[in-house]
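Student: I'd like to learn how to read a fold from its coordinates. Could we go through one together?

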Amino acid sequence: MGSIAAVIFDIGNVLFPWHPRILYKRLIPDDQALDVFVRDVVSEQWHFQHDAGRDFADTSAELIAQYPQHEALIRLWKPRFAESVGAPIAGMESLLNDLSARGVPLFAITNFSHEFWPPFLDAHPAIFGHFRDIVVSGVEKLSKPDPAIYRLALDRFGVRAEEAFFIDDRIDNIEGARGVGMIGHHFRDAVTLRAALMDVGVL
């Protein structure tokens, strides 16, 4: 493996596609209304509160007070959250299988709600069985790209920053990882990632 001691993954939009639209396109047939709802109501800024550790009971009450006409749709966010996640991204399951077969230590750091994470984890044993440990932002109340979450993860995983190959779809999260000394890969697809892992001697 050369100088790489571990590969650390993001989960949303690296292993699985995620977006509120995946769920709400099933519930809002009008494309324009869907665009407005996803942009203005269940926005990225609103959902990030869950990743930061806030409870859905509190965030939904605040959002319903602001958008009472959308109460029924807002209340579906928690019980149907799994429907906002798509099937594994093409090529990623086979990549995990190959890394595991080579004995590469695999970990993850994910921005994910402490409430939504346990059922999602339980639903995908074939994927998450490859990982030795996963740091979840909503549990720790620390979120990427805060340097503190990377340092916590490295300490927990027992990995030196310069020996950690970190993968994320967001460039701000990559920059956060690089800021603490990790090797960062901006994820685009499995083919490009596999080539990068070959370049550093992991595959």
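Student: Thanks! What covers the buried residues of α3?

Tutor: Good place to start, and keep in mind that this is a predicted model. To read such a cover, look for the elements in contact with the buried residues. Here the cover of α3 includes α2 (31-41), α4 (56-66) and α9 (137-140).

Student: Which residues of α3 are buried?

Tutor: Helix α3 spans residues 44-51, and its buried residues are Trp46, His47, His50 and Asp51. Viewed down the axis of α3, these buried residues fall within an arc of 160°, so they line one face of the helix. The general idea is that an α-helix has 3.6 residues a turn, so residues three or four places apart point the same way.

Student: And what happens just after α3?

Tutor: There, Gly53 adopts a positive phi of about 115°.

Student: Let me try a loop residue. Is Ser143 buried or exposed?

Tutor: For this, compare the relative accessible area with the cut-off: buried means under 20%. Ser143 has 10%, so Ser143 counts as buried. Its place is the loop between α9 and α10 (147-157).

Student: Which residues does Ser143 touch?

Tutor: Leaving out residues up to four places away in sequence, Ser143 touches Phe48, Asp51, Ala52, Asn111, Ser137 and Ile149. Asp51 is one of the buried residues of α3 as well.

Student: Now the strands. What is the order of the sheet?

Tutor: To read a sheet, follow the pairing from strand to strand. This one is an open sheet of five strands with parallel pairing, in the order β3-β2-β1-β4-β5. At the edges stand β3 (133-136) and β5, each with a single partner strand, so one side of each has no neighbour in the sheet. On average, neighbouring strands are turned by 20° against each other, direction ignored.

Student: How many bridges join β4 to its partners?

Tutor: Take the partners in turn. Strand β1 (residues 6-9) pairs with β4 in the parallel sense over four bridges, with Phe166 of β4 as the bridge partner of Ile8. Strand β4 (residues 164-168) also pairs with β5 (residues 183-186), again parallel and over four bridges. In that pair, Ile167 stands opposite His185 of β5.

Student: What do β4, helix α11 and β5 make?

Tutor: For a crossover, trace the path from one strand over the helix to the next. Together β4, α11 (residues 171-179) and β5 form a right-handed β-α-β unit. Helix α11 lies across β4 and β5, and runs at about 165° to β4.

Definitions and conventions:
Residues numbered from 1 in each chain as written. Predicted model: local features only at pLDDT ≥ 70, side-chain atom pairs only at ≥ 80, totals over all residues. Heavy atoms only, no water. Pairing = 2+ DSSP bridges. Helix = DSSP H or I, 4+ residues; strand = E, 2+ residues; numbered from the N terminus. Right-handed = clockwise from strand over helix to strand, strands pointing away. Axes fitted to C-alpha atoms, helices over the stretch in contact; angles between N-to-C directions. Contact = heavy atoms within 4.5 Å. Buried < 20%, exposed > 50% of the residue type's maximum accessible area, 1.4 Å probe, protein only. Arc of directions from axis to C-beta.
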